[in-house]
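Reader: I am new to this structure and would like a close look at a single part of it. Please choose one helix and take me slowly through what surrounds it.

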Amino acid sequence: MTSGALGRALLRIATGAVLFFMYAPLALVIIYAFSDTGTTAWPPTSLSLKWLEIAVANTGLRDAFLTSIAVALGATVIALLLGSLAALAVARHAFFGREVVSFVLIFPIALPGIVTGMALSTTFATIGLPLGVLAIIVGHATFCIVLVYNNVIARLRRTAASQEEASSDLGADSWQTFRFITLPALRSAMLAGALLAFALSFDEVIVTIFVAGGVKTLPIWIFQSFRLANQVSLVNVAGLVAILLSVIPVYIATRLTRDTGAIGRT
Amino acid sequence: MTTGARATPTDPTPAPTGSARRRVAAALQRRPRLRLGLLLAGPAGWLVIAYLGSLAVLFLNAGWSRDPFTGLVHREWTLANFGQLVTNPIYRTVALRTVGMAIAVTVTCALLSFPVAYYMARVASPRVRGLLVVAVLMPLWSSYLIKAYSWRQILSNDGVLNWALSPLGIHGPGLNEVGLWLVLTYLWLPYMILPVFAGLERIPTSLLEASADLGGRGLMTFRRVTLPLVFPALVAGSIFTFSLTLGDYIAPSLITTTQFIGNVILANFGVPNLPLAAALSLVPLVIVTIYLLIARRLGAFEAL
């Protein structure tokens, strides 16, 4: 029994250590964002809100932030539509090649992002379409579809099809059944999927760099600013914004889908 | 199907409202195939055209060549780029280095994830378990780039790690391959913890009790019962740690000056030599595909 207690204590210590390992770098971003000096020198000599003001006044940073919001919204809308449609098709119909659909949906996120980025930018270059915001949205939407799909299909599998059958037995047409039965059941799962899609798009950089052309999203702005030795704190302020705008949507999404638990990144 | 529907009493004799929407809805009701087609057209079209189509174009480009004098791309398919990948020792070194890093990161993640996942699945109360799942999810979803950037600050000469280690008289790994190994382990660790946790949670307690009843001590039960049962979940997690390391070029460029596959692809991308970059990007594609096929044989797909 003592060895069991010892084992549990060791496991608890190991878990605590790994959690510290996972959270310390995030805590550091917050500290540097409020550090006065703006360099990596540790420990910071004094704290201030100076860099917050500098960040707000920085037009390049602000433009990048707004571009990221626009891109994430665009990608989310496409992913929400296509992911929900695919989930409805797979969950409520039996057809040849059904397994292939879920496999192909997972593909863009299972393969290294650099392959997706290269493939998309090469295609845009080959058929002569310009790179830029639209190209980024297309790229992001492609790997965000699966996030909505996973959430919606998890909900559909928990919602009995008999409710929809009952609705049509009572004389509702397929639109009314969808509008009054299916959609209300799916709403929170769709919202959760959309929040995840937004979060993933907002901080995506690997694919984005290949298709952005000259456009700067927030992650690209951060990536291009990391060599500025005396503006470390400014980059950390931007990083803090990036963290909050992905963590908050994901946290809400976990609350919305406690029944299905479909929040992986796959 | 239609004759069957005709026989039922619900079949409407001219719809009372008769609006266009009702007629479309009724038509869809009677034709599930049409409904399916409309549902699938968008997503399938998008993925086939935008994604699979792009991969095909990438493959096509990998066979083209670029004239070193005019800079124009010859659209004539050859194996020259692939030959260069095999014969040029630089590309071989870079590929082997990247795969080596992917293996090192995967093994480290597997070792680190186990105590955490075991604690979550087998020791923690349901309430603590729920909190820990969220605690592991949040770092996974927070901005990948800023996590890598934060590590650049931690590992830098005047950074927090050297400051914390200086009383002990030792130095941190610094901004080099060892540092990168640490950073990549950090970045992909949650991707390993979550499937291993799910795998451990699925093992019925009765099996562990049976092993103990038959005289299996803690370590024996772990080695002979727990580990084989959780192995597919470990492989499932390793798909992410392996694939993500293989395709990464941001963390390597933030932490080291060493070249990995991703950096070489990016360096050749666009003006320098797009066909060569395309051929290079097929290297991680092929390696990950082989890895996925092996993983499927090991039962990892059921554990995802």
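Author: Let me begin with one pair of helices in this predicted model: α3(A) and α8(A) lie oblique to each other, since they pack at an angle of about 140° with their axes 8 Å apart, and angles count as roughly antiparallel when they are over 145 degrees. The crossing of these two helices, α3(A) and α8(A), is right-handed. Helix α3 of chain A covers residues 59-92, while helix α8 of chain A covers residues 174-202. On the side of α3(A), the contact is made by F65(A), S68(A), I69(A), V71(A), A72(A), L73(A), A75(A), T76(A), A79(A), L80(A), S84(A) and L88(A); on the side of α8(A), the residues that take part are F178(A), T182(A), L186(A), M190(A), A194(A), A197(A), F198(A), S201(A) and F202(A). Sorted by class, the residues of this contact between α3(A) and α8(A) come to 16 nonpolar and 5 polar, with no charged residue among them.

A second partner of α3(A) is helix α6 of chain A, residues 133-158, and here the two axes come within 5 Å and cross at roughly 40°. That angle makes α3(A) oblique to α6(A), and the crossing of α3(A) and α6(A) is right-handed. The contact of α3(A) with α6(A) holds 23 nonpolar residues, together with 5 polar and 1 charged.

Helix α10 of chain A, residues 218-225, is a third partner, for the axes of α3(A) and α10(A) come within 7 Å and cross at roughly 145°. Here α3(A) contributes G60(A), L61(A), A64(A), F65(A) and S68(A), and α10(A) contributes L218(A), P219(A) and W221(A). By class, this contact of α3(A) with α10(A) divides into 6 nonpolar and 2 polar residues, and no charged ones. F65(A) and S68(A) of α3(A) thus appear in the contact with α10(A) and also in the contact with α8(A).

There is also a salt bridge to consider, in which the side chains of R92(A) and E164(A) meet at 2.9 Å, N to O. R92(A) lies in helix α3 of chain A and E164(A) in helix α7 of chain A, residues 162-169, so this pair ties together parts that are 72 residues apart in sequence. Over all chains, a search of the whole structure finds 2 salt bridges.

To place the helix in its setting, chain A has 11 helices and 0 strands, and the C-alpha trace of chain A spans about 70 × 70 × 30 Å along its principal axes. Chain A also meets a second chain, with 88 residues of chain A in contact with 83 residues of chain B. The area buried between chain B and chain A is about 7,900 Å², and carbon and sulfur atoms give 76% of that area. In chain B, the residues that lose the most area to chain A are W46(B), Y51(B) and W141(B), together 11% of what that side buries. Between chain B and chain A the count of salt bridges is 0.

How values were computed. Residues numbered from 1 in each chain as written. Chains lettered and ligands numbered in written order. Predicted model: local features only at pLDDT ≥ 70, side-chain atom pairs only at ≥ 80, totals over all residues. Heavy atoms only, no water. Axes fitted to C-alpha atoms, helices over the stretch in contact; angles between N-to-C directions. Helix = DSSP H or I, 4+ residues; strand = E, 2+ residues; numbered from the N terminus. Parallel < 35°, antiparallel > 145°, perpendicular 65-115°, else oblique. Left-handed = near helix turned anticlockwise from the far one by under 90°. Nonpolar A, V, L, I, M, F, W, Y, C, P; charged D, E, K, R; others polar. Contact = heavy atoms within 4.5 Å. Buried area = accessible area lost by both parts, 1.4 Å probe. Salt bridge = Lys/Arg side-chain N within 4 Å of Asp/Glu carboxyl O.
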